[in-house]
Structures are given as structure tokens and as C-alpha cells.
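Student: Please take a close look at the helix packing in this model and explain what surrounds it. I would like one connected account, with each cut-off stated.

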Amino acid sequence: MQPPPDFNASRLARSLLRRSRQGALATLMVGSGDPYCSLVNVASHADASPILLISRLALHTRNIIGDSRVSLMLDERAAGDPLEGARIMLAGRAEEATGDEAALLRRRYLNAHPSAEGFADFKDFSFFRIAPSGAHLVAGFGRIVDLKPGQFLTDISNAEALLEAEPGAIQHMNEDHREAMNLYATKLLGADSADWTCTGCDPDGMDMQAGATTLRLDFPERVTGPGELRKMLVRLAGEARAKD
């Protein structure tokens with residue numbers, strides 16, 4: 001059965017990757033190759049690929065070092081029957097980050113999981129990014145789609161200026177524009193009023209979080225620099241206020 005024409009599988013897949021904070025990680029046991037599944041915390045890279053912070057003392061990390069092939073199951077944690085909610089299974093290879101890449105992954109992961117700062121620099125912990133080879137999206141009856149990476153990852157090839165400005169933009173939004181953050185959440189995304197913070201920006205949108213609840217604010221047009229980002233956020237704040 002083909003999905004209905006109004007179903008945007010790519011957008012939903014990206015939303016799940018951006019909003020998810022926990023997932024089931026499947027690795028291959030060293031020696032036997034038997035499947036092994038574990039619960040992990042996740043964050044997202046600027047291109048939406050998953051970031052992991054895992055210890056070499058953990059069995060799944062030893063498995064990854066032996067064979068980097070993994071799969072990661074993420075779901076939207078909808079109320080009621082979990083099988084009625086959307087979920088995505090992403091397959092790929094988990095790659096340990098070093099140098100500048102490790103610093104980038106550290107920053108984005110800690111934005112999503114600030115409590116991890118207490119152990120992120122322990123010698124046995126490292127940041128890994130899953131480089132996806134494909135994904136299987138299940139979003140209800142007649143909405144089951146296989147996706148290639150280009151269909152759910154964000155193109156960041158010409159967004160260097162935006163990514164360099166991201167830490168400052170996040171700090172600015174969280175220190176000076178919490179009212180606007182709450183407007184985005186309540187007026188544009190239909191969420192409850194809360195202490196919403198920005199945890200990440202990328203060409204396709206902005207990630208928001210309040211406690212354990214996460215939101216994704218998609219931009220109507222792609223942005224690649226700090227000036228474009230500022231104009232977009234002002235525009236969206238105006239649209240949110242107009243809904244009062």
C-alpha cells in the first residue's frame with residue numbers, strides 16, 4: 001500500500017531524529033555475532049544523524065569497536081498504545097569522534113543532556129556518531145516507508161557560517177528571548193507554556209526542550225547563515241504573536 005500523497009515521510013523522519021532523547025541500540029556481539037540490544041540516550045548532529053555518549057566498559061561499546069554496524073530504534077513516545085505512534089529504525093555504522101568533531105558532538109549532546117556533563121569527560125567515555133545507510137519509518141496504517149540518507153538528513157554543506165554561529169545563537173535565545181521561545185512552542189507548535197530553551201539550530205529548523213519534552217520548529221525556508229537565522233526567528237515570532 002502506497003502512503004497517502006499528503007504524508008511527508010522525510011519531514012517526520014527528521015522530526016523523530018531531532019526530538020528523540022532515548023532509543024534502543026542494536027549491536028553485534030563480539031565473537032558470536034548474535035544481536036544485542038541496549039537502551040541509550042541520544043542527541044542529534046547538525047545533519048540530524050544520531051550522537052551517542054557511551055563507555056568502553058559497556059558491552060554495546062565493545063561490540064561497536066569489534067563491528068561498527070548498528071541499528072537504532074526511535075519512537076515518538078506517544079500516549080496510549082506505543083504501536084500506534086510513529087517510529088523509525090535507522091541502520092548504519094557508529095563512528096567514534098576525535099578532535100574538532102568530538103568537540104562538536106560534545107556540545108550538541110550536552111545541550112540535549114546537560115546532566116551528562118558530570119561524566120562526559122571520563123576517560124572511558126567517548127562520543128560516537130551513527131553514519132546512516134538507510135532508515136525504515138513506520139507511522140501508522142499505509143504509512144510505512146524505506147528512506148535513503150539523503151531523504152532524511154539535513155544538508156549542511158553550505159551552512160558553515162550558521163554552524164559556527166550556533167553556540168552564540170543558542171545562548172542569545174536562551175538568555176534574551178525566552179518569551180519568543182514560549183511563543184514558538186505555544187502558538188506555532190501547540191505545546192503547553194513552559195520554560196522552553198533552544199538546544200540546537202540547523203538549516204532546516206530549531207530544536208527546543210522543556211524538561212523531558214522536546215519540540216522541533218521547522219523553518220519554512222532553509223537558512224545557512226546567522227543573519228538569515230535572525231530574520232527567520234524574528235519572522236516566526238511575529239507570526240506567533242499574530243495568533244493571539
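Tutor: In this predicted model, helices α3 and α5 count as roughly parallel because the angle between them falls under 35 degrees (over 145 is roughly antiparallel, 65 to 115 roughly perpendicular and the rest oblique). Specifically, α3 (residues 99-112) packs against α5 at about 30°, and their axes lie 12 Å apart. Axes here are lines fitted to C-alpha atoms, for helices over the stretch in contact, with angles taken from 0 to 180 degrees between N-to-C directions. Helices are DSSP runs of H or I with at least four residues, strands are runs of E with at least two, and both are numbered from the N terminus. The crossing of α3 and α5 is left-handed, that is, the near helix is turned anticlockwise from the far one by less than a right angle, whereas clockwise would make it right-handed. From α3, Arg 107, Arg 108 and Asn 111 are in contact (heavy atoms within 4.5 Å) with Leu 163, Glu 166, Pro 167 and Ile 170 of α5. By class, this contact of α3 with α5 comprises 3 nonpolar, 1 polar and 3 charged residues. Ala, Val, Leu, Ile, Met, Phe, Trp, Tyr, Cys and Pro count as nonpolar, Asp, Glu, Lys and Arg as charged, and the others, Gly among them, as polar.

Helix α5 (160-176) is also among the elements that cover the buried residues of α6, together with β9 (197-202), β10 (205-210), β11 and α7. Those buried residues of α6 include Ala 180, Met 181, Asn 182, Leu 183, Tyr 184 and Ala 185; buried means under 20% relative accessible area, exposed over 50% and partly exposed in between, with a 1.4 Å probe and protein chains only.

The axes of α6 (residues 178-188) and α7 (residues 226-242) come within 9 Å and cross at roughly 55°. The angle therefore makes α6 oblique to α7. This crossing of α6 and α7 is left-handed. Glu 179, Leu 183, Tyr 184, Lys 187 and Leu 188 of α6 meet a set in α7 made up of Leu 233, Leu 236, Ala 237, Glu 239, Ala 240 and Arg 241. The contact of α6 with α7 holds 7 nonpolar, no polar and 4 charged residues. Just after α6, Gly 190 adopts a positive phi of about 70°.

Ahead of α7, Thr 224 sits in the loop that follows β11 (213-218). Thr 224 counts as buried because its relative accessibility is 17%. Apart from neighbours within four places in sequence, Thr 224 touches Asn 158, Ala 159, Ala 161 and Leu 162.

On confidence, the chain averages a pLDDT (the predictor's confidence in each residue, from 0 to 100) of 93, and 97% of the residues score at least 70.

Residues are numbered from 1 along each chain as its sequence is written, and side-chain values use heavy atoms, with hydrogens and water left out. Local features need pLDDT of at least 70 and side-chain atom pairs count only at pLDDT 80 or more, while totals for chains, interfaces and linings use all residues.
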